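Student: I should like to learn how to read the features of a protein model. Could we begin with the exposure of residues and then turn to the fold?

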Amino acid sequence: MPKTPLPLRADDLTTFARRLSQQLGKASPSHLTLMNMLARAAGYENIQHMRAAHAAAQRLDRTADERLADPRTVERAIHQFDAAGRLRQWPSKRSVQTLALWALWATLPSKRSLHEREVSAMLCAEHLFDDPATLRRTMISCGLLTRRPDGSDYRRHEQEPPAEAKALIRALGPRRRTRSEAVALERTNA
């Protein structure tokens, strides 16, 4: 009869090695020798190899956004949005404009065809300076939106946002959720 693998997990190898040493009593090797034996049993050359592999895995687990996003640029872009997550004004700096457009891009539905009026209405809900045409045109020129030459059938261009854009979208999420909850509450009270 085949054996079923039984997983073993220890939160801290040092504690595990100490307890194993206590169980082995006087026959137990030194702490370092026991740690190296456990590391080899787990498939590593020694404890240093195991620690290095663990540290590398932790570094790789961090998202690329955390490593690549420039916090100053994201902060500048966040200041362009109000407490409800709406764009207050059209930023003067091009890099901040682009980040703001990514934040607006994230509010548009994906894989859905929209008419110009629908896109304008959605953008108007997300900014306060009443110029959806500029936003639409700039989003198209930046490759965030596509449209047919006759001005119909707008679509969000699906792509991976850059690190700063992801950080901005993440930062605006709670503000936008609070606004959505307030709107929903108003509708239920009306």
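Tutor: We start with a definition: a residue counts as buried under 20% relative accessible area, as exposed over 50%, and as partly exposed in between. Please keep in mind throughout that this is a predicted model.

Student: Is Asp 130 buried or exposed?

Tutor: Asp 130 has a relative accessible area of 63%, so it is exposed. Its place is the loop between H7 and H8.

Student: What is notable about the phi of Asp 130?

Tutor: The general idea comes first: most residues other than glycine have a negative phi. Asp 130 is not a glycine, yet its phi is positive, about 55°. Lys 111 is another such case, with a positive phi of about 55° although it is not a glycine. Lys 111 sits in the loop between helix H6 (94-105) and H7, and its relative accessibility of 72% is why it counts as exposed. A glycine can be added here: Gly 43, just after H2, takes a positive phi of about 105°.

Student: Which residues of helix H2 are buried?

Tutor: In helix H2 (residues 31-41), the buried residues are Leu 34, Met 35, Asn 36, Leu 38 and Ala 39. For the protein as a whole, buried residues make up 32% of the 190 residues. The exposed surface comes to about 12,800 Å², and carbon and sulfur atoms supply 53% of it.

Student: How many helices and strands does the protein have?

Tutor: There are nine helices and two strands. Read from the N terminus on, the order of elements is α-α-α-α-α-α-α-α-β-β-α. The radius of gyration is 27 Å, well over the 16 Å that the globule rule gives for 190 residues, so the protein is more spread out than a compact globule. Along the principal axes, the C-alpha trace spans about 80 × 40 × 40 Å.

Student: How should I read the packing of two helices, and at what angle do H7 and H8 pack?

Tutor: One considers the angle between the two axes, and a value from 65 to 115 degrees counts as roughly perpendicular. Helix H7 (residues 116-126) and helix H8 (residues 132-141) pack at about 110°, with their axes 9 Å apart. The two helices are therefore roughly perpendicular to each other.

Student: Which residues of H7 and H8 meet?

Tutor: From H7 come Glu 116, Val 119, Ser 120, Leu 123 and Cys 124, and from H8 come Pro 132, Leu 135, Arg 136 and Met 139. Sorted by class, this contact has six nonpolar, one polar and two charged residues.

Student: How do the axes of H6 and H8 cross?

Tutor: The axes of H6 and H8 come within 10 Å and cross at roughly 100°. That angle makes H6 roughly perpendicular to H8. On the H6 side, Arg 94, Leu 101, Leu 104 and Trp 105 take part, and they meet Leu 135, Thr 138 and Met 139 in H8. By class, the contact of H6 with H8 has five nonpolar, one polar and one charged residues. You may note that Leu 135 and Met 139 of H8 are listed for the contact with H7 and for the contact with H6.

Student: How can I read contacts between residues separated along the chain, and what does Ile 78 touch?

Tutor: One sets aside the sequence neighbours and looks for heavy atoms within 4.5 Å. Ile 78 belongs to helix H5 (residues 71-78). Not counting residues up to four places away in sequence, Ile 78 touches Leu 168, Ala 171 and Arg 175. The C-alpha atoms of Ile 78 and Ala 100 are separated by 8.4 Å, with their positions 22 residues apart along the chain. For the protein, 54% of the contacts with a separation of 6 or more are between residues 24 or more positions apart.

Student: Where does Gly 143 lie, and with which residues is Gly 143 in contact?

Tutor: Gly 143 lies in the loop between H8 and strand E1 (145-146). Its relative accessibility is 26%, so Gly 143 counts as partly exposed. Leaving aside neighbours within four places in sequence, Gly 143 is in contact with His 157 and Gln 159. The C-alpha atoms of Gly 143 and Gln 159 are 9.5 Å apart.

Notes
Residues numbered from 1 in each chain as written. Predicted model: local features only at pLDDT ≥ 70, side-chain atom pairs only at ≥ 80, totals over all residues. Heavy atoms only, no water. Axes fitted to C-alpha atoms, helices over the stretch in contact; angles between N-to-C directions. Helix = DSSP H or I, 4+ residues; strand = E, 2+ residues; numbered from the N terminus. Parallel < 35°, antiparallel > 145°, perpendicular 65-115°, else oblique. Nonpolar A, V, L, I, M, F, W, Y, C, P; charged D, E, K, R; others polar. Rg over C-alpha atoms; globule rule 2.2 N^0.38 Å. Buried < 20%, exposed > 50% of the residue type's maximum accessible area, 1.4 Å probe, protein only. Areas by Shrake-Rupley, 256 points an atom, 1.4 Å probe, with all protein chains shown as cover.
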